[in-house]
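Reader: I should be grateful for a close account of a single part of this model, namely its sheet and the turns that connect the strands. Please set that part in the context of the chain as well.

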Amino acid sequence: MRRLLLKILRKVSLKALSLEWKLRHDCPHKFVKKTIAPNVEIVMCRICNRRDGWWCPESPNHCCSYTKDFDQCDYCGQPEERK
Ligand SMILES: [Zn+2]
Ligand SMILES: [Zn+2]
């Protein structure tokens, strides 16, 4: 009985894990601003809780982007390491 239960539980948890992965992977990400410390504002998805860097007031997806310049955000010009 215990053996069977464990077998079933393992199957169910594997299914849950792959479903969780799929849900996170397909997440349309609704990023909101989250303040984790004074002057530390990051973006976090309110659906899957994914954290995605600094909150950007200018960028369309609200994430700072460093594609043009490694030191300054393309949108708001803030450095990546804010001290
Ligand atoms: Zn998400
Ligand atoms: Zn920015």
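Author: A suitable place to begin is the hairpin of β2 and β3, which has 5 residues between its strands and in which Asn-49 takes a positive phi near 70 degrees. The model is a predicted one, and the values below are computed from it.

Asn-49 is not a glycine, yet its phi is positive, at about 70 degrees. The residue is placed in the loop between β2 and β3. Asn-49 counts as exposed because it has 10 C-beta neighbours inside 10 Å, and the limit for that class is 12 or fewer.

The other hairpin, that of β1 and β2, has 2 residues between the strands. Here too an asparagine has a positive phi: Asn-39, which is not a glycine, has a value of about 65 degrees. Asn-39 belongs to the loop between β1 and β2. With 7 other C-beta atoms within 10 Å, Asn-39 is therefore exposed.

From the turns one may pass to the strands that they link. Strand β1 covers residues 31-37 and strand β2 covers residues 40-45; the two pair in the antiparallel sense over 6 bridges. Several of the facing residues can be named. Phe-31 has Cys-45 in β2 as its bridge partner, Val-32 stands opposite Met-44 of β2, and Lys-34 is partnered by Ile-42 of β2.

Strand β3, residues 51-54, runs antiparallel to β2 and is joined to β2 by 2 bridges. Ile-42 appears again in this pairing, with Trp-54 as its bridge partner in β3. Ile-42 thus has a named partner on β1, Lys-34, and another on β3, Trp-54.

Taken together, the 3 strands make an open sheet in the order β1-β2-β3, with antiparallel pairing. Its edge strands are β1 and β3, each of which pairs on one side only. From one strand to the next, the twist averages 35 degrees. In a regular strand, side chains alternate between the two faces of the sheet.

The sheet also contributes to the interior of the model. The largest nonpolar core consists of 7 residues: Phe-31, Val-43, Trp-54, Trp-55, Cys-56, Cys-64 and Cys-73. Phe-31 lies in the range of β1, Val-43 in that of β2, and Trp-54 in that of β3. Another member of this core, Cys-56, can be followed further through its contacts. Leaving aside neighbours within four places in sequence, Cys-56 is in contact with His-62, Cys-63, Cys-64, Cys-73, Tyr-75 and Cys-76. Of these contacts, Cys-64 and Cys-73 are also listed in the core.

Finally, the sheet may be set in the context of the chain. The chain has 1 helix and 3 strands, and along the sequence they follow the pattern α-β-β-β. Its C-alpha trace spans about 60 × 25 × 20 Å along the principal axes. The radius of gyration is 19 Å, whereas a compact globule of 83 residues would have a value near 12 Å. Of those 83 residues, 8% count as buried. Among contacts between residues at least 6 apart in sequence, 8% join residues at least 24 apart.

Technical notes
Residues numbered from 1 in each chain as written. Chains lettered and ligands numbered in written order. Predicted model: local features only at pLDDT ≥ 70, side-chain atom pairs only at ≥ 80, totals over all residues. Helix = DSSP H or I, 4+ residues; strand = E, 2+ residues; numbered from the N terminus. Rg over C-alpha atoms; globule rule 2.2 N^0.38 Å. Buried ≥ 20, exposed ≤ 12 C-beta atoms within 10 Å, placed from the backbone. Contact = placed C-beta atoms within 7 Å. Pairing = 2+ DSSP bridges. Axes fitted to C-alpha atoms, helices over the stretch in contact; angles between N-to-C directions. Core = buried A, V, L, I, M, F, W, Y, C linked by C-beta atoms within 7 Å.
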